[in-house]
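Let's take a walk through a protein model together. Keep the 3D view open and follow along as we go from one spot to the next.

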Amino acid sequence: MDDLVADDIARFEASFKNITQRYRLINRIGEGTFSTVYKAEDLLYDHYQNDWDLEANKENRDSDSSAVKQSLVRQQKPRYVAIKKIYVTSSPLRILNELELLHDLRSSPNVCPLITAFRHQDQVIAILPYFQHKDFRDYYRDFSMDEIRDYLRNLFSAVKSVHDADIIHRDIKPTNFLYSPSQRHGVLVDFGLAEREGTDYHHCQCCYEQEERARKVQSSVYARKLDAARTSNVPLPKPSYPKDDQRPSRRANRAGTRGFRAPEVLLKCTAQSCLIDIWSCGIILLTFLSKRFPFFHSADDIDAFIELSCIFGKQKMKQVAFLHGQILQTNIPSMTETGHSWEKIILWCTGRNKKSAEGPGEGLSEDEKEAINFMRACLNLHPGNRISAEECLEHPYLNRTES
Ligand code: ADP
Ligand code: MG
C-alpha cells in the first residue's frame, strides 16, 4: 500500500466515528466518480462464527455444520467486505435511491448485495461483501468464446433480475461488473445511477409521441416556408432543421458512461427503458469480439452519435433520430449512407481484413458469426426491436454447450 492510500485510510478511520471497532481497513480498491471503495475485514466475523457453531450444534446435531456456516455466509455475513464511501457531495436522495435499490435486489444471485449501511454526520458508507475479481483489461483480449459466453450468462442473469424488478441500471460497463474468470462468476455493482423504470408509460411509447412531435414541428416549419415560397414565386425549399427553433431544449436523463450510452440516451429520449442496459451489454460483447477497449472513444454525445453513424450509416441514423423527434443533418464525408457491417468491423479490428498473396485473408469462425448475430440483436438502434435480457438468456448463442 503506498503512503497516499495509507494516509487516506487513516483520515477515513479518524473521521468516521467507531469504524475501527467494527472493521479493519485493508486497502483502497476503487476510486470512482461518486465514491471511494475500501477492502476491509469484519471484526465481528469470529463472533458470528461462534454463534453459528452454537447454532449448528444446537439445531443441526446430525447435519454438516460447515453447510450451515456456508448458508449463513450466503446470508451476507462474509469476513471480507467492500466499504463504499459515497462522496458527501452526492445528494441524500441519490444515496437513499442507491441503498433502496440494492436492498430490493438483495436476493438476485448476480447482484452484489447490500449488507448494511452506516451514517456518521454527512458521510454515508455502504457495506457489501468483498468480491474477488480480475481487472477486465487483464482478460478481455484472451477470452475464448466459451469464456465470453460464461461472462455474458452471468451479466445477463444480473441484468434480468434488475429488469424483473423494473429497475434500469443505467451504467453497465466492465468496471461495474466484477468478474472472476477462475470462479466463472460475476456480480453487478454500482447502482448510483440506477432508477426505477417509469410505470406510466410503456417502453418506447415516447418514440411514437416524439415521432408525432417531430412530424408536427417539421411540417409546421415546412408549411411556413411553403407558403412564403408560393406567394413570392421562389423555388420550393427542402425540409430542413428549424434554425430559429424557439422551443426550450429537451431535458432527459443522460446518466451513464460515454461509449456505453444507447442511441436513445444520446438523443435525449424522455422515456428511456431497461433496454438501454441491453445496449451497454452489447458494447461489452463488441469489446470482446473486436479486442478493443474502449471501443468508442467519443468525448461527448454528438461525437458518440457520429461514431455510431459511421458504423450504422446515415440512413439508419436518420431514421432513429426521427423516431426520437430529432433531425440528423451532416456533411461529414466519411459517413456513408449504409455504413459498415459488424462482420467487416470485427475483421478490421482483429487485423484479418488484409488479403495475402495466397488468397483471401482469414475469415470469421462460425462461433464468431453467431456471436455477431447475438450482438446485433443487443445493438439494435430501435429500442422497441432490441432483445430483452430474458430473450438474451434464451438465445442459442448463450445456450451452446462448451466447444
Ligand atoms: P463508483 O460509483 O465510484 O463507480 P462502484 O460501486 O462502481 O463505485 O465501485 C468502484 C470500484 O470499487 C469498482 O469498480 C470495483 O473495482 C470496486 N468494488 C466495488 N464494490 C466491490 C465489491 N463488492 N468487491 C470488490 N470490489 C468492489
Ligand atoms: Mg462504478
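Start with Phe 177, whose bridge partner in S8 is Leu 188. Keep in mind that you're looking at a predicted model. That pair belongs to a bigger pattern: strand S7 (residues 177-180) and strand S8 (residues 185-188) pair in the antiparallel sense, with 4 bridges between them. Together S7 and S8 make a hairpin with 4 residues between the strands. Look for Arg 184 in that hairpin, because it's a handy landmark: its phi is positive, near 50 degrees.

Now hop over to ligand 1. Which residues come nearest to it? Of the 20 residues around ligand 1, they are Gly 30, Gly 32, Val 37, Ala 82 and Asp 190. Strands do some of the surrounding here: S1 (23-31), S2 (35-42), S3 (80-86) and S5 (123-129) each supply at least two residues of the shell. And what's that shell made of, class by class? Around ligand 1 you'll find 11 nonpolar, 7 polar and 2 charged residues.

Last stop: a pair of helices. Two packed helices are described by the angle between their axes and the distance between the axes. For helix H10 (residues 301-312) and helix H11 (residues 314-323), the axes come within 7 Å and cross at roughly 130 degrees. An angle over 145 degrees would count as roughly antiparallel and 65 to 115 as roughly perpendicular, so H10 is oblique to H11. Where they meet, H10 brings Leu 308, Ser 309 and Phe 312, while H11 brings Lys 314, Lys 316 and Met 317. By class, this contact has 3 nonpolar, 1 polar and 2 charged residues.

Definitions and conventions: Residues numbered from 1 in each chain as written. Chains lettered and ligands numbered in written order. Predicted model: local features only at pLDDT ≥ 70, side-chain atom pairs only at ≥ 80, totals over all residues. Near = placed C-beta within 6 Å. Nonpolar A, V, L, I, M, F, W, Y, C, P; charged D, E, K, R; others polar. Axes fitted to C-alpha atoms, helices over the stretch in contact; angles between N-to-C directions. Parallel < 35°, antiparallel > 145°, perpendicular 65-115°, else oblique. Contact = placed C-beta atoms within 7 Å. Pairing = 2+ DSSP bridges.
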